[in-house]
Amino acid sequence: MLSCSDTEEDPVGIYTYDNFFTSEDNVKSSLLYAYDNSREFDFYFTYYTLTELGTGSTFVTPNAISNNMQEIKNWNLDPTIGALQGFFESSYGGIKKANVILTYIDEIEFENEATRNQYKGEARFIRAFYYFHLVRLFGEVPVYTTEIDPDASSNTPASSVQEVYNQIIEDLNFAVANVPAFKIPGRADKTAAEAQLAKVYLHLASSKEYGSPRYEWVADQNQMYANAAQAAKNVLNSATFDLDASVFDTFPDNDRESNEKLFVWSVDVDGLEVGRTSLQTFFMPYTFYSQFYTDEPGTDNIIGYWGGWASMSYDHDDYLSHDTNDQRLDLFIKTIYSDPNGGNPADQGDIHYNLKYASETGAFYTGAATPFFLRMSDIALVYAEAVGPTGEGYNQINRIRNRANIGDLTPGLSRAAFIEAVWQERQWELVMEGYALFDLRRTHRVDEYVGRDVDYSYFFPIPQREVDLNQGIETDSEKKTLN
Amino acid sequence: MLKFDLKMKLTTFLLFTALIGLQANDGYAQKTKVTLDVENATVLDIIDDIEAITDFRFIYKVKVVNLQRKLSIKLEQEKIDVVLERLFGNTATDYKVRGTQIILRPSSDKPKKVQLKVEQDPIEITGVVMDEDGMPLPGANIVEKGTTNGVTADFDGNFSIKVADENARLVVSYIGFATKEVPVLGQTSVLVSLNEDAAGLEQVVVIGYGAVKKSDLTGSVTSIDTEQIENIPVNQVGQLLQGRSTGLQITAPSDDPEAVISVQIRGASSLFGSREPLVVLDGIPFGTLQNLNQINPGDIKSIEILKDASAAAIYGSQGANGVILVTTKTGSVGKPEVFIETSYTVGGYTKDFERFKDLELYANIENTENINDGLAPSFDGTVRNGTYNPSPQEFANGTYRFYDWLPLLRNLDPVTESIRAGVNGGTENNKYRFSLSYLDQEGSVKGDQFKKLIVFFKDAIDITDKLKFQISTSFSDGKREFGTAGNPGRAWIKPFNEDGSYFIPEDEPNYFHPLVQKEDQFNQRTDFDVLANAELTWRPFPWLTASSKFSYNHLADTFDEYQKAKYTELFNSYSGIGSVREAKQRQTYLTNTLTFQKEFGEAHDLSVMVGRDDQIKKNRFIEITGRDFVTDDLLNENLPSATIENQLIDQGFVQEDLLSYYSRVNYNLLDKYLLTLTFRADGSSKFGENEKWGYFPAVALAWKMHEENFLKDVSYIDFLKLRVSGGITGNQGIQPYLTLPRLNDVSVYDWELGQNVLSAGPGDNLGNPNLRWESTEHYNAAIETAFFNSRLRFSAEAYFKHTTDLSRTQFLAPSAGANSIRINNGVIDNWGLEFQLGGDIVRTENVSFSADLNFSMNRNEVVDIGTAAGSGLIEDFSGNQFIDTGLSVQGSSGLNMVNAIGEPLSSFYGFISEGVIQTEEQKALGFGARRNFGDFRYRDLNGNGIVDDQDRTIIGDPTPDFIASLNLSFSYKNFDMSAMFNGVYGNDILDRQREFRPYGKTNAWSLDNQETVFPALSNSRNFPNNTFYIMDGSFLRLSALTAGYNLVVPEQNFFKKVRFFFSGTNVFIIDNDFEGYDPEVYEADSSLTGGGAIGLYRGGDPRQRKFTIGVNLTF
């Protein structure tokens, strides 16, 4: 008791870099934390608003004002928009989590060197995942590959778009080479890395082909298409993942046994405390403290718990553009029922709520859906687009169409017409999944699709806070008018 | 009834005659012969005789000549030289004859020095200590000067002490009286008469790691007279200190047993660090004033407030907010004395709680609100969602009536019972005190109860003359049952059926009765605290003292909480939630000091103290929560029966170590010039290698001008001291571990294992190894005076505090992946003036009346908070540059309280309201969507024709322009009375509920009521912060009134003292039309700058008016 005080800072019960990065298990733990970054509201919610709202396929209720939804929808953007900053900041939060692992992992003894490389590969996948979002949304951004020094962060210039892509491709190639194939929800494996790589190459190829700004540096678009096709082919041939037999195997209950989801969010569908998000509430009808149901009688027709905010729904015209036989229309709901047996219907007019993220379990505004970042039908269409109107290309798009109960695509289309059809199919198949803006940007169609010239159509402005606090960044007013 | 000091007058007169006497014949001394024949007369008597029969006049200073010495002299026709030699030869007094003047002064050649070396048997001296009126002073201390040899006078003032030889001097002291030095001079019996020391200048004042005479203080220290606050029943010492010292601002917003009060000494000087002074209990740094709840206020002997750097720098890094020293009572010599004090207090509210009793009016107002909001009226006589809503007519015709739920949910006259008892006594070598106090206080809501038992024991043992040991322990066992306020619900539903059972409306089977709601929540805290101190003092030589002090404080709090299923199911899907939280704090403290004190000749008095402190604080908690229970029956005593996934554990541990070296040098030259040098070095575990140590020096000078020759004999000046000081104190300003990069640990779901796992990784907590102490330069200048035998006292102080290296947040570029880092940068200045005026207006044997006025003003300014980017500085159109404090208030989003450069800390921010919109054109001056008739309109500061966010500016300052207090004491024979007035002036209050209270609603703007400041009725229009919500917070309160009567107890009675007392707190208040309950407001909120918001009114549990009767018995 009569011990003398010792002015050393010796924390107990608190993890610091020094006392935590000491074992293999702790690296894995930190890796799970890095995956968990996608569950940050600023990331996961803004991921949908930034990529969907401005494309016209999503209807936003006029009173939905959180997270700059109206500004994004109306392309009324400027560097001070909070949603841009939030997304930017949380993406870098994920990058930092990956970088810290990569900084410390070599100091730790591993029983098996392959495990070390697997963890490195997963960390580099995570880093590439965030940079791929940042470069497509903002263009030139600072690239960090080691733990960030707070002082240095105040004076780090942005890397060019090409440099960012080089880093992404290097990271993903490392992941493909070092991460084995496995299927663990919430984690990325070899197949996920290949899928991501296929999307990266397709983005480069089409951006170059259609003349999207800032992609002039891409040397050979055909090589990029070939790379995309090769990576997508590897995914399609995966032994563990495949298209589900029906879209309803993937939706709306977010069955995590689904074989189609290549990389899902690290959320736990059953958890009450851990791993939950409130994502579904933004797509759900506006209700409070109640369950609500589809018109299918029975116990499986609960579509939501504790209500929603009715922020985002499927655009009516886009909804009508589907073939009436299209089963994917059933992923949207117009009438909700407060009675499990179809009683008390409430018609929501022309509004079509998205059931892709609906979950029948959850409590108090937190849902338990298992959303995903990569899924097989996306990669099938990536492949189709990369190979064009070949037999394999037709085969892949028709797999998607047939599954949705619509017939084969007209045979013998020109490459341009075929690719146009792929784009249309992507819109029907992948609506409200966070791909729409990227498809428009890489195919140089933003203004055409929006129907008017808009500011920041190809790259969003770097958030003002970054410009203010990082002296290395120069504002790029050119972004406003890029076409 | 004025009573002048006759001796002082005489001295002046003699000086006068001496000047005249210069003309007299030089040969008088040679010519004059004196005859004396006196037996056992005092020197004074003999001098008087000589003056009566001759022209000789004696000139001397009363203090330095022993006039009480008795001797017998028989002389006939001797020259004055011979007489004087008989009188003063071989004594401590020298004489000199100049003409007819005989000048007496202390002998300079120490004639007895030779004899000192001779070993002598101790001499026993007996004596009695009395006051001026001859009343004995029991408990007076008698110490042989320069030794540790001391005794205490008994009940009759008698004492007996053995001294080394006849040259010994006795130092006699008693609280409230001037200390007197009495030479023994061969007498065996002395009578000591002490003069009342109204200014307390001779009183010994505790300072950090030592004590000095009040008159020798060089720093700014206020001593609080604990006698004055003895009979005021509060359970928080902080409340007692309100108004008792200049420079001390205490804001106590509530009478809740454990309300968080704000304590600030000389303004606030930290953004995120603590603003509370350090409390030191019996020499042990103890925490904040809140921590003193562990101590029974009845055991407190003295409280000192250290304000300037000279006084506080000895506490270094803990001293920047000032220091409060609390000393507990020690036993006194004598037979065991048993004391019992018991009191009974009834509280009440100074105003009725605002609520609608006229339900028709209420329904109409609610309906109007809905109509204004474009909704259907809510009181329309229909059933909605299973609830019947009566119409205004049904209220008017009495179908539904008002039931007052308030008395069912609140304690409108909460009772506090208090008993303090103990025993006090001891011998010269072993003094003890044992006390027990029990407090039982009702809170302001039903079911809220606070109980506390404190047992205190202290024993001071003199092992030898040179070795002393003291031990003290305090056990405190407390329990707080938190009542839940309970939602009063609908006032037209009756609470009870005829038979007293709870009334449930027939058509509402799910009606949740408010009293059931209360019963369904169980929430209590129990604490058991142990404080143990031990101190060993060794004084091998009179000039050297070594002291070692050890303290261990263990605080254990247990929080029990349970919400029954019926309650929790209302809000979520769990059936019952229960938790137990155990929090333990352990503080170990070891201090070792060495004090050297010696007089060198008559002129130099030097004391040097060096020391080292070791301080370790460990905080640990564990919390277990369970949810979803099969039954509520076991409350939170059966958490394992919760379903597995609903068993949650939380845990934490924090340790802080502080290692300090310090030294103080006091040098006293000629008892006129005083110098204090202080230095402390603190090493803290909170800081990284580079900045681990902080250094805190201070210097102070004081000049006791009244000791100078030119003032010495000015009769009406008793005391005049000038002092200046300057130094540096620090504030740690941060929580532990902020220098380290800490990982976040969160639970994630591991799909591989199929379970939740703890995972960790880098989050927002970037460590900054270069964090350092906030540092405050503090300069102080003061004058202290006492006039007319200390009947008039005045002192003034001026200070300037310059705080640099403010610990604050530096924001990082988003690409850093973290929001911010803690850094040191920023400057706050405080300056102020303090005045103290005291007067004994009447001072006679039977009647006394005195008044003391304290006046303090402090100006506070944020000088620098870094660059716009680095600290997130916002600049508005008006040129204000500020950071947000983070204050969020109901009904207002955005900025409410800011720290702006050039403005006081925590200034209010918002629009300037210009009234409500009355015309179509004025609608342009509304804000946002709120621009209808009856909404606020605002001043368009930037003149762009619309009101936008650039039209906001600083709109108020919650810090008072000045605070003042007046303390009146009156006594007549055995009756005494005192009153304390306390006031603040010129502070603003942010009252965001202003238009929502019944007064605001009934006076709302409407077409029929256009002359009003209140906006139109609405439920949905939340206005941004603006001047409408800023109220004047000035007030004057009679905060305490005490009257007591001491029964005349005959001697030898069983009872030694019987005192009855009556007291009132918060007797009345005068404010400037504050519409809320009470303008003394403070909201503790750890998320805010400085841990709380002064000046924010949220309508919390307000101050009560309390009356107490009690009795003190001693036998």
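Biologist: Buried means under 20% relative accessible area, exposed over 50%, and partly exposed in between, with a 1.4 Å probe and protein chains only; so what percentage of the residues in chain B is buried?
Modeller: Of the 1115 residues in chain B, 52% are buried. This is a predicted model, in which local features need pLDDT of at least 70 and side-chain atom pairs count only at pLDDT 80 or more, while totals for chains, interfaces and linings use all residues. Residues are numbered from 1 along each chain as its sequence is written, chains are lettered from A and ligands numbered from 1 in the order in which they are written, and side-chain values use heavy atoms, leaving out hydrogens and water.

Biologist: How does the radius of gyration of chain B sit against that of a compact globule?
Modeller: Chain B has 35 Å, which agrees with the value near 32 Å for a compact globule of 1115 residues; the radius is taken over C-alpha atoms, and the rule is 2.2 Å times the number of residues to the power 0.38. Along its principal axes, the C-alpha trace of chain B spans about 120 × 70 × 70 Å.

Biologist: And how many helices and strands are there in chain B?
Modeller: Chain B has 15 helices and 61 strands, where helices (H or I, at least four residues) and strands (E, at least two) are DSSP runs numbered from the N terminus.

Biologist: Take helix α9 of chain B; what should it span?
Modeller: The 14 residues of α9(B), residues 359-372, should span 20 Å at 1.5 Å a residue, and the end C-alpha atoms are 19 Å apart, which agrees; the expected span is 1.5 Å times one less than the number of residues.

Biologist: What do its buried residues pack against?
Modeller: They pack against α10 (392-396) and α15 (998-1002) of chain B, contact meaning heavy atoms within 4.5 Å. Among the buried residues of α9(B) are Leu359(B), Ile365(B), Glu366(B) and Glu369(B).

Biologist: Chain A has an α9 too; which residues are buried there?
Modeller: In α9(A), Met224(A), Tyr225(A), Ala228(A), Ala229(A), Ala231(A), Ala232(A), Val235(A) and Leu236(A) are buried, and what covers them includes α8 (190-210), β2 (261-264) and α13 (376-387) of chain A.

Biologist: Different spot: is Ser313(A) buried or exposed?
Modeller: Ser313(A), which lies in strand β5 (residues 312-314) of chain A, is buried, with a relative accessible area of 2%.

Biologist: Which residues does Ser313(A) touch?
Modeller: Not counting residues up to four places away in sequence, Ser313(A) touches Ser57(A), Thr58(A), Phe59(A), Ile351(A), His352(A), Tyr353(A) and Met432(A).
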